[in-house]
Amino acid sequence: MPYVNIKVTREGVTPDQKAELISGVTDLLVRVLDKSPATTFVVIDEVALEDWGIGGLPVEQYRNALAR
């Protein structure tokens, strides 16, 4: 009974994109691990941008530093 948790920043991921992620991850687990889609759980959590960090920085500061 696989459980997959996908975390993305809250930046406009559409319901269609989420559905595609759920379908794609489920298909991958079926193909690679021979798991049943009926018992495969995929949860997508959206995280506020200010609650996400990379390299010791809030993501917006990190992105700004990369853009320089």
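Where does UniProt place the feature "active site" in this chain? The legends below start there and then move through other parts of this predicted model.

**View 1. Pro 2, the residue that carries the UniProt label.** The UniProt record, an unreviewed entry, places the feature "active site" at Pro 2. Look for Pro 2 in the segment before strand E1, which covers residues 3-9. Is Pro 2 buried or exposed? Pro 2 counts as buried, because its relative accessibility is 15% and the cut-off for buried is under 20%. Leaving out residues up to four places away in sequence, Pro 2 touches Leu 29, Lys 35, Thr 39, Thr 40 and Phe 41.

**View 2. A nonpolar patch on the surface.** Phe 41, one of the residues that Pro 2 touches, also belongs to a surface patch. Its partners in this nonpolar patch are Met 1 and Tyr 3, and together the three have about 410 Å² of accessible area. You can find Phe 41 in strand E2, which runs over residues 41-47. With a relative accessible area of 39%, Phe 41 is partly exposed.

**View 3. The largest nonpolar core.** Which residues make up the largest nonpolar core? There are 6 in all: Ile 6, Val 8, Val 25, Leu 29, Val 42 and Ile 44. Elements E1, H1 and E2 each give two or more residues to this core. Take Val 42 as an example: setting aside neighbours within four places in sequence, Val 42 is in contact with Val 4, Ile 6, Ile 22, Val 25 and Thr 26. Leu 29 may look familiar, since Pro 2 touches it too.

**View 4. A salt bridge from strand to strand.** Side chains of opposite charge can pair when their charged atoms come close. The structure holds 3 such salt bridges. In one of them, Lys 7 pairs with Asp 45, and their closest N and O atoms are 3.2 Å apart. Lys 7 sits in strand E1 and Asp 45 in strand E2, so this pair links distant parts of the chain, 38 residues apart. Lys 7 is partly exposed, with a relative accessible area of 46%, and Asp 45 is partly exposed at 27%.

**View 5. A salt bridge from loop to helix.** Here the side chains of Glu 11 and Arg 63 meet, with 2.8 Å from N to O. Glu 11 lies in the loop between E1 and helix H1 (15-33), while Arg 63 belongs to helix H2 (residues 59-67), so the pair ties together parts that are 52 residues apart in sequence. Both partners are partly exposed: Glu 11 has a relative accessibility of 41%, and Arg 63 has 38%.

**View 6. A salt bridge from helix to strand.** Lys 18 and Glu 46 bring their side chains together at 2.6 Å, N to O. Why does this pair tie together parts that are 28 residues apart in sequence? The reason is that Lys 18 lies in helix H1 and Glu 46 in strand E2. Lys 18 counts as partly exposed at 22% relative accessibility, and Glu 46 counts as partly exposed at 28%.

**View 7. The domain named in the record.** The unreviewed UniProt entry places "domain: 4-oxalocrotonate tautomerase-like" at residues 2-60. Over residues 2-60, the chain is 36% helix and 31% strand. The C-alpha atoms at the two ends of this stretch are 33 Å apart.

Terms used:
Residues are numbered from 1 along each chain as its sequence is written. This is a predicted model: local features need pLDDT of at least 70, side-chain atom pairs count only at pLDDT 80 or more; totals for chains, interfaces and linings use all residues. Side-chain values use heavy atoms; hydrogens and water are left out. Patches are made of residues with over 30% relative accessible area and no salt bridge: like charges are joined within 9 Å, nonpolar side chains (Val, Leu, Ile, Met, Phe, Trp, Tyr) within 5 Å. Accessible areas come from the Shrake-Rupley method with a 1.4 Å probe; for residues, only the protein chains shown count as cover. A salt bridge is a side-chain nitrogen of Lys or Arg within 4 Å of a carboxyl oxygen of Asp or Glu. Helices (H or I, at least four residues) and strands (E, at least two) are DSSP runs, numbered from the N terminus. Buried means under 20% relative accessible area, exposed over 50%, partly exposed in between (1.4 Å probe, protein chains only). UniProt positions are given in the numbering used here, feature names are shortened, and annotations may be inferred rather than shown by experiment. Contact means heavy atoms within 4.5 Å. A nonpolar core is a set of buried Ala, Val, Leu, Ile, Met, Phe, Trp, Tyr and Cys residues joined through side-chain atoms within 4.5 Å.
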